[in-house]
Amino acid sequence: MKKLCCFLLALLLCCPAALAEDVQIVASFYPVYIFAQNILTDVPGVSLSCMTAPSTGCLHDYQLLTGDMRLLARADALLINGAGMESFLPALLPQLPDLQVVDASKGIELLCADEHHHDHDHHHEEEEETEYNAHIWLDPKNAIQMVKNMEAQLSALLPEHGEKMAENAENYILRLENLDARLSDALTAVKQRDIVTFHDSFPYFAKAYDLHVVAVVSMEPEEPLSPRMLKDVIDQVTAAGNPPLFAEPQYRNAALEAISRETGAPVYRLDPVVTGNGSPTAYEDAMEQNLNILLSALGE
Ligand SMILES: [Zn+2]
């Protein structure tokens with residue numbers, strides 16, 4: 001009995017500490033989570049989670065699950081990519097008015113979404129809001145800006161950890177600057193600059209390194225391609241002289257293989273870094289791998 005009392009007393013004494021939960025930071029999806037991990041390395045009392053499973057990929061048309069709502073209701077801050085990637089946000093915010101949202105896309109120059117749109121059946125309403133391409137993280141310079149944005153907004157939320165987060169961000173930005181320099185140096189030399197990508201994920205990357213996305217196989221990668229859309233892409237690829245086609249590990253690439261059979265254009269694989277092992281170096285590792293593939297596809 002005495003033992004039990006001691007145990008209960010110990011539990012009571014422990015309770016205030018045990019109840020003082022960590023600050024809960026939630027990242028919307030994979031690349032934001034990778035960047036946040038680097039900013040929050042060794043920051044005590046903060047726990048970071050990713051709202052979507054690392055197999056989710058891009059959040060195009062993502063619908064929030066009950067579990068996501070529960071997680072967000074407990075969260076102190078939600079880190080988002082922004083630029084329209086989290087299309088569920090406008091419906092979510094009125095439900096969780098106290099949720100702090102950290103937008104990583106602030107100040108980044110956005111590209112329009114439909115620059116390569118080949119769906120002729122789609123007519124724009126005159127008053128339709130401009131849609132932006134949300135795949136900003138694939139330009140390492142944008143990744144650096146995203147890290148700066150997240151660090152600044154997290155420091156405002158957690159000023160007691162501002163110094164540590166600033167130091168972490170600085171170290172990570174140095175690594176990203178090195179990555180950018182390696183990509184830039186290596187890709188300056190390639191002979192062929194035209195590429196065809198599976199979905200509209202690489203315009204920022206292409207712009208950064210002076211590559212030219214001459215066609216996009218699927219503007220809505222979750223939807224199957226109609227025969228007419230397939231024919232349009234085949235025509236574009238043929239007109240461009242059969243440049244290399246880039247499949248993505250996150251999608252079934254049957255259409256892309258059909259285009260390759262029809263045109264003879266070779267198929268390679270580029271990773272938009274939306275799935276992976278979740279390690280802090282995952283973005284750099286995937287981009288280095290993309291570089292190696294581009295060099296063999298485009299000719300050094
Ligand atoms: Zn995408």
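Leaving aside its neighbours within four places in sequence, with which residues is leucine 79 in contact? In this predicted model, the partners of leucine 79 beyond that local stretch are Ile25, Val26, Ala27, Ser28, Val32, Ala36, Val102, Ala104 and Met150.

Two of these partners, Ala36 and Met150, lead to the wider interior. Together with Ile39 and Leu79, Ala36 and Met150 touch the most other members of the largest nonpolar core, a set of 71 residues. Helix H2, spanning residues 30-39, supplies the largest share of this core, namely seven residues. The core also draws at least three residues from each of two domains: domain 1 (21-104 + 133-180) and domain 2 (190-298).

Met150 also belongs to the buried residues of helix H5. Helix H5 comprises residues 140-157, 18 in number, and reaches 25 Å from its first C-alpha to its last, close to the 26 Å expected at 1.5 Å a residue. Besides Met150, the buried residues of H5 are Pro140, Asn142, Ala143, Ile144, Gln145, Met146, Val147, Asn149, Glu151 and Leu154. The elements covering these buried residues include H2, strand S3 (77-80), strand S4 (100-103) and the helices H6 (162-188), H7 (203-208) and H10 (282-298).

Two of the covering helices, H6 and H10, also pack against each other. Their axes lie 11 Å apart, at an angle of about 5 degrees. Because angles under 35 degrees count as roughly parallel, H6 is roughly parallel to H10. On the H6 side, Arg175, Leu179, Arg182, Leu183, Ala186 and Leu187 take part in the contact, and in H10 they meet Glu284, Met287, Leu291, Leu294 and Leu295.

Technical notes: Residues are numbered from 1 along each chain as its sequence is written. This is a predicted model: local features need pLDDT of at least 70, side-chain atom pairs count only at pLDDT 80 or more; totals for chains, interfaces and linings use all residues. A nonpolar core is a set of buried Ala, Val, Leu, Ile, Met, Phe, Trp, Tyr and Cys residues joined through C-beta atoms within 7 Å. A residue is buried if 20 or more other C-beta atoms lie within 10 Å of its own, exposed if 12 or fewer, and partly exposed in between; C-beta atoms are placed from the backbone. Helices (H or I, at least four residues) and strands (E, at least two) are DSSP runs, numbered from the N terminus. Domain bounds come from an automatic or database domain assignment. Two residues are in contact if their C-beta atoms, placed from the backbone, lie within 7 Å. The expected span of a helix is 1.5 Å times one less than its number of residues. Axes are lines fitted to C-alpha atoms, for helices over the stretch in contact, and angles run from 0 to 180 degrees between N-to-C directions. Angles under 35 degrees count as roughly parallel, over 145 as roughly antiparallel, 65 to 115 as roughly perpendicular and the rest as oblique.
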